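Work through the exercises below with the model open beside the text, and try each task before reading its solution.

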Amino acid sequence: MRNKSSLLVAMGFMAVTALNTLAGGVTNIKEVVNNSSKVVIKLTTFETKFAWEGAEKKTTGVITYGNTWTGDMWVPWADDEEQFKGHFMSLEIIELRPTRGTDIYHTYIVYQRGEDVRGNFFGTFEQRGLGSITSGNYVPNAPRVPGEWRSGGDRRVVVFDKKDGSAGFRFEKLGR
């Protein structure tokens, strides 16, 4: 009987270890650097703890070109569509057009699934003023974010000018 108990304990340990390996670690954005020459950016997390409360938002606020935000903002987990409804991040790259009255928003939806941080292009929108996107589409196998996509640890998000005149972004590892 002792051998069976030892075997069951060992199997349980291996199952828990495998699940923890698939889950990945907490990914914490500690810095957002806007190296672009013409766009402003904003990151916002949406975290719903209880369905009846609605989403709690945390935002970097608008980061103008040439500036850096520092703080702590965890990339939300969304292993399935149901979790995603209350756990995601928007990354908005905003082209300001003061003479036109509306700005152009290029919006990415970012979330963590297992060991991957994923970023799905949600769309381009034209709107007046600096609002926030409040929904997105769950794409189970959305592309991994550019740069350091593996979950866990501290990150820097860098926005930069691309050769075609648009703006891009990448995640970089911070620290160790």
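**Exercise 1.** Find which residues Phe171 touches beyond four places in sequence, and place Phe171 in its core.

Solution. With contact taken as heavy atoms within 4.5 Å, Phe171 touches Ile29, Val75, Val110, Val117, Val145, Pro146, Gly147, Glu148, Arg155, Arg156 and Val157, leaving out residues up to four places away in sequence. The model is predicted, so local features need pLDDT of at least 70 and side-chain atom pairs pLDDT 80 or more, whereas totals for chains, interfaces and linings use all residues. Residues are numbered from 1 along each chain as its sequence is written, and side-chain values use heavy atoms, without hydrogens or water.

Next, consider nonpolar cores, which are sets of buried (under 20% relative accessible area, 1.4 Å probe, protein chains only) Ala, Val, Leu, Ile, Met, Phe, Trp, Tyr and Cys residues joined through side-chain atoms within 4.5 Å. In the largest, of 21 residues, Ile29 and Phe171 touch the most other members. Apart from it lies another core of eight residues, including Phe46 and Tyr111.

**Exercise 2.** Determine how the rings of Phe46 and Phe88 are arranged, and which parts they tie together.

Solution. Rings of Phe, Tyr and Trp (its six-membered ring) pair if their centres lie within 6.5 Å, and planes under 30 degrees apart count as stacked, over 60 as edge-to-face and the rest as tilted. By this rule there are nine aromatic pairs. The centres of Phe46 and Phe88 are 4.8 Å apart with planes at 25°, so this pair is stacked. Because Phe46 lies in strand E2 and Phe88 in strand E5 (strands being DSSP runs of at least two residues, numbered from the N terminus), the pair ties together parts 42 residues apart in sequence. Both Phe46 and Phe88 are buried.

Note on methods:
Buried < 20%, exposed > 50% of the residue type's maximum accessible area, 1.4 Å probe, protein only. Helix = DSSP H or I, 4+ residues; strand = E, 2+ residues; numbered from the N terminus.
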